[in-house]
Amino acid sequence: MTLKRLLQRLLPATLRGRFVIIMIIGVLAAQAGSYALWSAQVRASQLEQLDELSNNMAQSIAATMKYFRSLPVDYRHIVLDQLRNMGGTRFFVSVNERRIPVVDIGDGPEKALVVDNVHTILTRELAIEDVVVEFSRPDTLRLFNNEVLLHDLPPRWGQHSLLMEPLSPPILVVQLELAPNMWLYVATLLGVPDIFSARAWLSEERLLVGVLVLISVLGLSLLSIKSATRPLARLARAARQLGDDLDSPPLKESGPREVAATAAAFNRMQRRIREQVEERERLFSAISHDLKTPITRMRLRAEMLDDPRQRERFCASLDELSELVKGALASVKGLDLHEEPAATDIRALALHLASELRLQGGDVEITGQAEPLVVKPLAIKRCLSNLLENAVFYGQHARVEIIDAPQRVTLCIRDAGPGIEESQLDRVFSPFVRLEASRSRHTGGSGLGLGIARHIARAHGGDITLANHPAGGLVATLTLARQANVTGL
């Protein structure tokens with residue numbers, strides 16, 4: 001599957017939905033970009049701060065080491081006690097017989113920068129190669145030969161200087177070998193609590209701000225998008241109704257310049273189409289009406305012919321021409337039947353038509369029922385009458401099944417005739433089409449009935465389809481949508 005087809009399947013079908021997706025992607029991209037830039041700046045600032053702090057701290061440790069070296073061994077414990085009693089000191093210093101194991105933590109450029117600075121300065125200032133620089137958590141830090149934990153010491157010994165509750169920043173531990181079986185132990189804080197926090201940039205506060213910004217932007221976008229797409233929705237609704245109701249009210253030419261211009265163009269197109277259709281109807285009616293006079297004169301002259309055979313042929317041709325004219329007038333009237341929609345009992349209408357056909361020798365059986373449907377009664381009567389007359393004429397017997405549903409009413413009309421070839425099922429809806437296999441010109445048919453019936457059905461939100469029944473005969477399926485408003489015919 002190509003990327004284009006995948007996007008077409010994933011994107012919403014509505015313009016409003018696509019605008020919302022675009023806004024979400026845009027806001028998220030903007031937030032991600034701003035966070036990335038902000039995080040890079042914070043990271044650079046943090047590295048600069050760590051570089052300065054680690055250099056200063058290394059110099060302080062080096063000075064402390066030099067001071068310890070200069071003291072006699074017997075006086076070193078006195079200085080250690082004094083340092084431990086100073087709760088505000090930055091260091092915790094002890095002298096151990098061996099190197100104390102430390103659970104080293106942390107990784108990344110921050111740790112590498114601090115370790116490298118401290119190690120470089122101490123080896124340069126003290127001329128000692130064996131310098132161990134590590135980071136430890138407060139809860140796992142051990143200080144003396146007996147490896148006592150930091151939390152087990154009296155507060156005055158180390159907790160005031162190495163603990164910063166509730167932040168618990170990592171503790172920098174430096175151990176140097178002063179002499180055989182004598183290791184100087186220095187523990188200190190860097191003052192950067194989140195030095196090793198991989199998600200420091202994704203704090204709860206920043207997430208909350210990002211979510212609030214996203215909600216605000218989306219809320220305002222939805223309001224503006226809804227306001228912008230409302231005229232487009234009206235335009236789409238008007239375009240759907242244009243084919244069925246040329247007399248619908250014009251669109252409001254308001255809103256943004258592009259939408260107003262589109263509405264104006266649509267209204268202009270609607271007026272032109274209505275004028276052309278009206279002109280066509282006037283021309284069609286005038287031609288059909290004017291043909292009646294010459295046809296009548298020709299019929300009078302044909303009656304005066306002496307040859308009975310020629311007279312009969314002329315009259316038959318004139319009768320056929322007259323029927324075509326009547327069919328054309330009926331077509332124009334049938335496609336322009338203006339009436340108000342009303343609640344109509346489809347079963348009662350079908351029963352009324354069936355009783356009229358029985359007087360002409362037709363047999364119509366009706367089953368099923370439906371709740372009243374809002375339609376144009378005369379138009380639906382004409383539509384159903386055309387279908388029943390065709391079924392009775394070509395099949396002698398017609399069976400009508402009414403199926404009611406929440407969204408539509410369906411009428412299945414089956415006759416007992418010879419049916420229609422599959423290739424001709426759609427062609428019979430075209431004007432003036434009559435199939436010789438089942439229709440004769442002597443019947444007076446003009447080939448307009450099915451076309452008019454389908455036009456009426458589609459104007460009511462439905463349709464008419466034809467299909468051959470497996471057991472023989474033709475099935476005409478008429479569907480009518482349940483809707484509050486019926487488009488004009």
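**Group meeting talk: strand S9 and its surroundings**

Okay, let's start in the middle of things, with strand S9. Of its 8 residues, 6 are buried, so S9 is largely enclosed by the rest of the structure. Before I go on, please keep in mind that this is a predicted model.

A bit of background on the whole chain. There are 489 residues, and 38% of them count as buried. The secondary structure comes to 11 helices and 11 strands. And if you take the contacts with a separation of 6 or more, 69% of them are between residues 24 or more positions apart.

Back to S9, then. What kind of sheet does S9 belong to, and in what order do the strands come? It's an open sheet of 5 strands, and reading across you get S6-S8-S9-S11-S10, with mixed pairing. The edges are S6 and S10, the latter covering 463–468; each has a single partner strand, so one side of each has no neighbour in the sheet. From one strand to the next, the twist averages 15 degrees.

As a reminder, strands of a sheet pair through backbone hydrogen bonds, either parallel or antiparallel. Let's look at the partners of S9. With S8, the pairing is antiparallel over 7 bridges, and a hairpin of 3 residues joins S8 to S9. If you want a spot to click on, find Asp404: its bridge partner in S9 is Val409. With S11, S9 also pairs in the antiparallel sense, over 7 bridges. There, Thr410 has Thr479 of S11 as its bridge partner, and Leu411 stands opposite Leu478 in S11.

Now, what packs on this sheet? Helix H10 does, touching S6, S8, S9, S10 and S11, and its direction makes about 20 degrees with that of S9. H10 has 19 residues, which at 1.5 Å a residue should span 27 Å; the end C-alpha atoms are 26 Å apart, so that agrees. Plenty of its residues are buried, including Ala379, Ile380, Cys383, Leu384, Leu387, Leu388 and Tyr394. Right after H10 comes Gln396, with a positive phi near 65 degrees.

There's also helix H11, residues 449–459, which lies across S10 and S11 and runs at about 130 degrees to S10.

Next up is helix H9, residues 346–359. Its 14 residues reach 21 Å from first C-alpha to last, close to the expected 20 Å. Which of its residues are buried? Those are Ile346, Leu349, Ala350, Leu353, Ala354 and Leu357. Look down the axis of H9 and these buried residues fall within an arc of 135 degrees, so they line one face of the helix. And what do they pack against? The list has strands S5, S6, S7, S9 and S11, plus helix H10. So our opening strand, S9, shows up here again.

Have a look at the two ends of H9 as well. At the N-terminal end, Asp345 is the cap, with a side-chain oxygen 3.2 Å from the backbone nitrogen of Arg347. Just after H9, Gly361 takes a positive phi of about 95 degrees.

One last residue: Thr344, which sits in strand S5. Is Thr344 buried or exposed? Its relative accessibility is 9%, so Thr344 counts as buried. Setting aside neighbours within four places in sequence, Thr344 is in contact with Pro372, Leu373, Val375 and Pro377.

That's my tour, thanks for listening.

Notes:
Residues numbered from 1 in each chain as written. Predicted model: local features only at pLDDT ≥ 70, side-chain atom pairs only at ≥ 80, totals over all residues. Heavy atoms only, no water. Helix = DSSP H or I, 4+ residues; strand = E, 2+ residues; numbered from the N terminus. Expected span 1.5 Å × (residues − 1). Buried < 20%, exposed > 50% of the residue type's maximum accessible area, 1.4 Å probe, protein only. Arc of directions from axis to C-beta. Contact = heavy atoms within 4.5 Å. Polar contact = N/O pair within 3.5 Å; in protein donor to acceptor, adjacent residues only side chain to side chain. Pairing = 2+ DSSP bridges. Axes fitted to C-alpha atoms, helices over the stretch in contact; angles between N-to-C directions.
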